[in-house]
Amino acid sequence: MVRNVMNRFAELLDRLVLTPSRNGKLTLLTDYFRSVEDPDRGLALAAITGDMSIAAVKPAMLRALVVERMDPVLFGYSYDYVGDLAETVSLVWPQPAGHIPNHAPTLAEVVGKLQAASRSDGPQVLAKLLDSASISARFAIIKLVTGGLRIGVSARLAKQALADLGQVDIAEIEELWHGLTPPYAELFAWLEGRAEKPKSAALALFRPVMLSNAVDDGDLEKLDPADYAAEWKWDGIRVQAVCEGGIRRLYSRTGDDVSGAFPDLAAAMDFEATLDGELLVGDPREATGTFSDLQQRLNRKSVSQKVQQQYPAFMRCYDALQIAGEDLRGLPFAQRRSRLETFVGALDPGRFDLSPLVEFPDWEALERLRQAPPHPIIEGVMLKRWDSPYLAGRPKGPWFKWKRDPHTVDAVLMYAQRGHGKRSSFYSDYTFGVWSGPEGAEELVPVGKAYFGFTDEELRQIDKYVRDNTIERFGPVRSVRADRNNGLVLEVAFEGLNRSTRHKSGVAMRFPRVSRLRWDKPAAEADRIETLQALLDR
Amino acid sequence: MRASDLLKPRPEGLYCPPGDFFIDPVRPVNRALITHGHSDHARSGHRSVLATRQTLDIMGLRYGEDFAGTTQAAVLGETIEINGVSVSFHPAGHVLGSAQICVEHQGMRIVASGDYKRQQDATCLPFEPVPCDVFITEATFGLPVFRHPPDSEEIARLLKSAGQFPERSHLIGAYALGKAQRVMRLLRDAGYDRPVYIHGALAKLSEYYQSQGIDLGRLEPATIEGGGKADFTGAIVVGPPAAFADRWARRFPDPIACFASGWMRIRQRAKQGGVELPLIISDHADWDELIATIKETGAEEIWVTHGREEALVRWCELEGIAARPLHLVGYEDEGD
């Protein structure tokens with residue numbers, strides 16, 4: 001075992017972020033877990049899986065800390081060049097005079113100090129840690145406190161590395177996971193063969209969910225429609241409702257406990273089972289709410305009575321993992337489905353219903369249904385093999401999602417903002433608008449912002465267009481000439497629309513991206529706001 | 001004599017009117033003084049060239065023996081008179097043969113650093129600070145974000161990765177003159193005694209380094225004759241960076257792209273270039289070395305050239321040292 005210093009963790013992050021291959025990442029992770037001691041390795045694991053809680057330091061605070069210590073102009077040049085605040089600060093942070101760090105801190109020490117810090121002394125604790133760390137350790141520390149490592153490693157991949165380390169199945173790890181807490185010493189002991197498998201004494205644990213693959217070109221022709229059940233794909237939130245021995249938990253698909261945000265639904269969970277389904281709002285007997293309705297319930301830690309009444313949450317069930325202590329995951333989908341149908345029939349019909357099966361004779365018929373779903377919150381269809389067991393993860397073959405094609409709109413480029421990092425010399429973030437107002441007095445209203453979907457060559461072309469057609473500049477943003485006779489039309493693809501009070505246009509797009517550059521299309525022929533409003537009202 | 005009368009930028013390069021010579025001209029001139037062999041500083045076609053013996057040898061290897069009309073070897077530390085101007089060459093620590101050029105006339109002394117670094121490098125002589133009135137510094141890495149780590153740490157990371165991925169090969173992009181040989185030498189210093197495979201473009205220069213007494217160990221051409229990918233399992237291969245995008249690189253098994261350069265300090269640069277294992281090994285001074293060197297020369301005035309002039313000029317202002325950017329055209333960062 002090597003010394004479990006912070007630098008090892010920092011080095012791991014540096015390598016992971018630049019290693020594209022999954023196998024390469026797994027090698028780096030298992031190697032790290034094998035060669036670093038407790039508790040450092042367990043804390044690293046928690047940081048990667050997002051199970052570590054450290055009070056966040058805001059970027060503005062970080063910037064303030066560094067300009068107390070160096071010339072703001074030099075910092076400005078540096079940040080402009082690097083484009084990433086955490087990286088810039090890690091590089092330029094001046095080592096205090098006469099201070100030679102003779103003790104490289106461990107990850108455990110760093111995490112301990114950060115967790116013990118109060119909101120008010122947090123920044124100073126951070127500054128002290130940065131004083132004592134090497135450049136790459138500083139980067140890692142800043143990543144820890146600003147939240148989100150962004151190293152291209154999912155919690156699942158980290159768990160796969162653990163499975164590789166202990167030569168066990170990943171499902172065993174996922175099932176144990178919610179009964180464990182950092183730094184996971186007992187988990188490592190088991191994986192290294194030094195101890196028994198930890199017992200999950202806790203009840204109502206999360207069970208790893210089964211995910212689907214997108215249908216690719218040519219996939220369906222190889223499949224027999226008779227082997228598959230079809231259901232609508234509901235655009236709500238995937239949840240797992242677990243009740244065991246009086247403990248009730250509502251989990252997100254990643255295993256986060258979201259019971260607190262949906263007390264109305266949790267209160268109706270008076271059964272012994274683990275159900276898989278989609279959380280939606282409305283009353284399933286009468287009407288299912290739209291995505292905008294659902295949004296009223298998202299990203300809230302607590303929720304008022306009024307909102308609960310206006311937008312009641314319910315669960316549209318599509319699978320049963322266990323019922324009354326019996327594990328059903330090994331059964332074929334057809335059998336699980338019939339057990340589920342019986343079971344859901346006995347639950348509160350205002351809170352639970354069954355995701356209906358969609359009958360279809362062949363793929364062409366299903367394609368027609370997919371293109372014209374009966375409800376706006378349906379985003380396509382799901383295909384599930386009748387004989388498939390419930391498998392954790394994303395096995396290829398048993399489950400497919402076949403999404404509706406995205407919506408598109410022709411919009412006019414209005415503003416362009418300079419990008420960061422490798423795009424720092426390009427105007428790469430585009431605000432676009434559509435026409436509104438009476439004929440003869442039309443004006444553009446911004447409806448969204450997109451910064452991807454185009455090729456590098458197209459980026460160069462748009463960048464040139466922006467530079468040649470700038471009418472005003474404010475900071476990194478340029479206002480581009482856009483009127484009835486001049487303007488660049490962008491075909492924008494998006495997944496859906498929400499009502500928005502923040503945007504002047506009253507709509508906000510989900511997942512917008514530039515799908516085509518319409519150099520050929522006159523600006524006056526771009527779409528009008530009514531086209532988008534029609535989508536909202538559907 | 002005013003400094004700006006002793007040396008001034010011209011389209012051809014830095015010109016000395018009283019001495020009638022250029023330093024590192026980018027176009028053919030009558031008389032050229034050359035700091036080191038990188039192609040943006042050392043061009044062929046001058047009527048006469050004054051440079052260190054090793055720089056002349058390197059130019060000969062790169063351009064052929066007739067790269068200049070006449071040549072004269074400058075001995076480090078010895079003064080040569082050119083039209084009444086005193087000229088001397090001093091080690092710059094950049095690559096083998098690299099030198100700073102000190103120009104002195106009527107009590108005014110200017111040192112043109114060429115490219116330089118302060119980190120130790122077993123493949124060339126260390127930089128010697130020369131007290132002067134005006135110091136012309138390069139600024140390739142003239143931003144406070146550039147802090148080069150010790151090169152031994154970088155090589156240790158490479159060797160660790162070679163141990164972690166024994167079934168793959170490690171391809172190191174390194175410029176053909178200087179960086180490539182330094183990497184080979186660092187591998188030897190770290191105890192790596194297997195052969196290092198090299199791209200053909202590195203052969204002549206590496207051989208020259210060896211002939212100058214710099215032991216690079218066993219080098220083998222990265223060619224496949226009758227063999228296959230398996231020949232390079234676990235191998236460390238060094239080649240010019242451009243070759244890695246080439247079909248040439250396909251002969252190696254599941255290679256890990258490494259790049260030895262000061263630019264690798266910036267993650268986005270590594271990511272953009274598809275580099276998996278960045279090795280921050282530079283032949284240019286980093287920010288700390290630049291500012292320490294400026295202080296050490298005791299110069300009252302600093303001229304900043306090729307690179308990021310603005311930050312270094314700003315730093316000089318804060319320190320109360322007169323400084324200005326010297327806009328010379330035609331220099332790139334070939335050396336890193």
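## A walk from helix α3 of chain B to the contact with chain A

Start by selecting α3(B): B:Asp151, B:Glu154, B:Ile155, B:Leu158, B:Ser161 and B:Ala162 are buried there (20 or more other C-beta atoms within 10 Å of the residue's own; exposed means 12 or fewer, partly exposed is in between, and C-beta atoms are placed from the backbone). Look down the helix axis and the buried residues fall within an arc of 115 degrees, so they line one face of the helix; the arc is that of the directions from the axis to the C-beta atoms. On the other side of α3(B), pick B:Ser152 and B:Gly163, which are exposed.

A note on what is on your screen: this is a predicted model, where local features need pLDDT of at least 70, side-chain atom pairs count only at pLDDT 80 or more, and totals for chains, interfaces and linings use all residues. Residues are numbered from 1 along each chain as its sequence is written, while chains are lettered from A and ligands numbered from 1 in the order in which they are written.

Next, show the partners of the helix. The buried residues of α3(B) pack against β12, α4 (179-189), β15, β16 and β17 of chain B. Helices (H or I, at least four residues) and strands (E, at least two) are DSSP runs, numbered from the N terminus. The helix itself, residues 151-164, runs at about 155 degrees to β17(B), with axes fitted to C-alpha atoms, for helices over the stretch in contact, and angles from 0 to 180 degrees between N-to-C directions.

Now colour the sheet. Its 6 strands form an open sheet in the order β14-β13-β15-β12-β16-β17 (chain B), with parallel pairing; strands pair if DSSP finds at least two bridges between them. At the edges sit β14 (219-221) and β17 (277-279), each pairing on one side only. Zoom in on β12 (residues 170-173) and β15 (residues 236-239) of chain B, which 4 bridges join. Here B:Leu171 has B:Val237 as its bridge partner.

Then bring chain A into view. The contact takes 19 residues from chain B and 20 residues from chain A, where contact is C-beta atoms, placed from the backbone, within 7 Å. On the chain B side, α6 (267-272) and α8 (309-319) each supply at least two residues.

Last stop: A:Pro376, in the loop between α17 (363-371) and β10 (378-385) of chain A. Why is A:Pro376 partly exposed? Because A:Pro376 has 18 C-beta neighbours inside 10 Å.

Notes
Contact = placed C-beta atoms within 7 Å.
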